[in-house]
Every structure is written in C-alpha cells, then in structure tokens.
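Trainee: I would like a close look at how charged side chains are placed in this model, and at the packing around them. Could you take me through that part in one connected account, with a word on how far the coordinates can be trusted?

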Amino acid sequence: MDVGMETPPWPVLSQEAVSKLASGVHSTFVRWTALQLAVENEWGGRSSSQKAAQLENDVLGWFVHSKARRNTDELEELLDVAMIEQFNVQTEDDSLQEVSEQLFFLHEECSQGNYETVHSLAAALSQNKPASAKSVKAPNENGEESDSDDDSMDGEGQDMPSSSGQQDMGMELESSSAQGRKATRQEEKASTLTEEEMADGWQEAPTRSKRRGGKRT
C-alpha cells in the first residue's frame, strides 16, 4: 500500500484554536441570513435563539471531537437537517454550501494557528454589517411556504396592539375631556346667580332666562 496516498489525519486543535474556532463559528452564523431570519421571526418557536446557540455548539463539537476526517458535504447535510427540524425552514439558495465551506476554511486555519479570518469576521461583526437578504421559505399558518420578504414580521406568541383598541382608548380620553369641559361650563353658569336667588329656587336656563322649578316644559 502506498503510504503517500493515505488520507491525512483529522487535525487536533489546541485549546486556543478551539476558542478561536468557536468565535469564527459564531460570526459565520450571525452573518447567515437564513438562520437569522428564522431566529428573528421565531420560526423555531420562542426558543429559536437557544436553538441557534445549540447549533453553534453542535457544529463546534462536530469539528473538535471528530476522529475520522470530515468533508463539506457532511456538514452541509447537518446544517440542512437542523434548519428543517429545528426551524422548519427550507433554504433555497447556496447558503448551506457557502456556510459549510466557510467553516471548513476557518477550521483549517485554526488548526495551523492562523486566526486572521477569525479576527476579520469578528471585526466586521462589531461594525454590525447586515448580511444581504437571501431567498428563504418559511411556513405560514396553513402549513404552506411563504417568502421571507413578506411584510409580516410577527413572531410566534407576540401580541400586537390593535388599531381598534387604540381608537377606543382615544374615544375614552376625548369623552372624559368633554365631560370635564361640560362640568366647568355648568359651574360657570351657576356662578352667575346670587345665593339669594339660588335659595329662592332660581336656576340658570339654557337661554339665560330665570324660571322657577328647575325644569322646562
């Protein structure tokens, strides 16, 4: 058997390299639009953020604890299954392949003690550079797929205030204000009568003519 044709062993990372790779995995996932849309819209439920964090740990462990040599196709399949099962999202672009290749490149550099790309990704992340939108299909209420560029961004379990509720509140405030103004006007009208006239049964009529009895017939 030709020794020169043997597959090189899977590299074992140092503690520092593992830490740097973890940073690179996080930066890559934060810039992955499909995953971030799933988290922001809670397509995986209220625990979408925790699921994304767990996926980071799973991928890091996949690299660190592997004994046999891995390839990008295996990682791409792992990510695809996670997106479908955890977030119910079917990606329709090349992001799975791009992310897998990026992570393998980071792993290769970290295994050589080269952290240049890791630092570059972290610097770009600190500047909050948004990733460009990608084509993603998400389930709607009927179980059908809908485009991620839909105007509706409501997450699961979010209570949005209704316009009717706001209008009702505005009507209540307006009614209270009107009642206060009416009471003030009535007090002003009552103040035009003397105490003797009020004791004698006089009341202020709408036409400001004085009548006995307090009622109009």
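Mentor: A search of the whole structure, which is a predicted model, finds one salt bridge. That salt bridge joins the side chains of arginine 70 and glutamate 74, with 3.9 Å from N to O, and the pair falls within the 4 Å cut-off that a salt bridge requires. Arginine 70 is partly exposed, at a relative accessible area of 31%, and glutamate 74 is likewise classed as partly exposed, at 32%. Side chains of opposite charge can pair when their charged atoms come close.

Glutamate 56, a residue of helix 3, presents another situation, since this residue is buried and yet takes part in no salt bridge. The nearest side chain of opposite charge belongs to arginine 31 and lies 12 Å away, so the 4 Å limit for a salt bridge is not met there. What the side chain of glutamate 56 does have is a polar contact, at 3.0 Å, with the side chain of histidine 26. Once neighbours within four places in sequence are set aside, the contacts of glutamate 56 are with Val25, His26 and Phe29.

Phe29 leads on to the nonpolar packing, for it is named, together with Trp32, Val59, Phe63, Leu79 and Leu103, among the residues that touch the most other members of the largest nonpolar core, a set of 34 residues. At least two residues of this core come from each of helix 1 (15–30), helix 2 (33–40), helix 3 (48–64), helix 4 (72–87), helix 5 (95–111) and helix 6 (116–126). Leucine 79 illustrates how such a residue is surrounded: beyond four places in sequence, its contacts are Phe29, Trp32, Leu55, Val59, Leu96, Val99 and Ser100.

Two further residues can be set beside this buried part. Valine 12, in the segment before helix 1, is exposed, with a relative accessible area of 77%, and its C-alpha atom is 7.2 Å from that of valine 64, although 52 residues separate the two along the chain. Phenylalanine 105, which belongs to helix 5, is partly exposed at 43% relative accessibility, and its C-alpha atom lies 10.0 Å from that of threonine 72, a residue 33 positions away along the chain.

For the protein as a whole, the secondary structure comprises eight helices and five strands, which follow one another along the sequence in the pattern α-α-α-α-β-α-α-β-β-α-α-β-β. Of the 217 residues, 27% are buried. Among contacts with a separation of 6 or more, 64% are between residues 24 or more positions apart.

As for how far the coordinates can be trusted, the average pLDDT of the protein is 74, and 57% of the residues score at least 70. Over residues 146–191 the pLDDT is below 50, and this stretch has 25 contacts in the model beyond near neighbours in sequence. Residues 130–136 also have a pLDDT under 50, and for them the model has 18 contacts beyond four places in sequence. Where pLDDT is low, the predicted coordinates should not be read in detail.

Conventions: Residues are numbered from 1 along each chain as its sequence is written. This is a predicted model: local features need pLDDT of at least 70, side-chain atom pairs count only at pLDDT 80 or more; totals for chains, interfaces and linings use all residues. Side-chain values use heavy atoms; hydrogens and water are left out. Buried means under 20% relative accessible area, exposed over 50%, partly exposed in between (1.4 Å probe, protein chains only). A nonpolar core is a set of buried Ala, Val, Leu, Ile, Met, Phe, Trp, Tyr and Cys residues joined through side-chain atoms within 4.5 Å. Helices (H or I, at least four residues) and strands (E, at least two) are DSSP runs, numbered from the N terminus. Contact means heavy atoms within 4.5 Å. Lys and Arg count as positive and Asp and Glu as negative; His and the chain ends are not counted. A polar contact is a pair of N or O atoms within 3.5 Å; within protein, one must be able to donate a hydrogen and the other to accept it, and residues adjacent in sequence count only if both atoms are side-chain atoms. pLDDT is the predictor's confidence in each residue, from 0 to 100.
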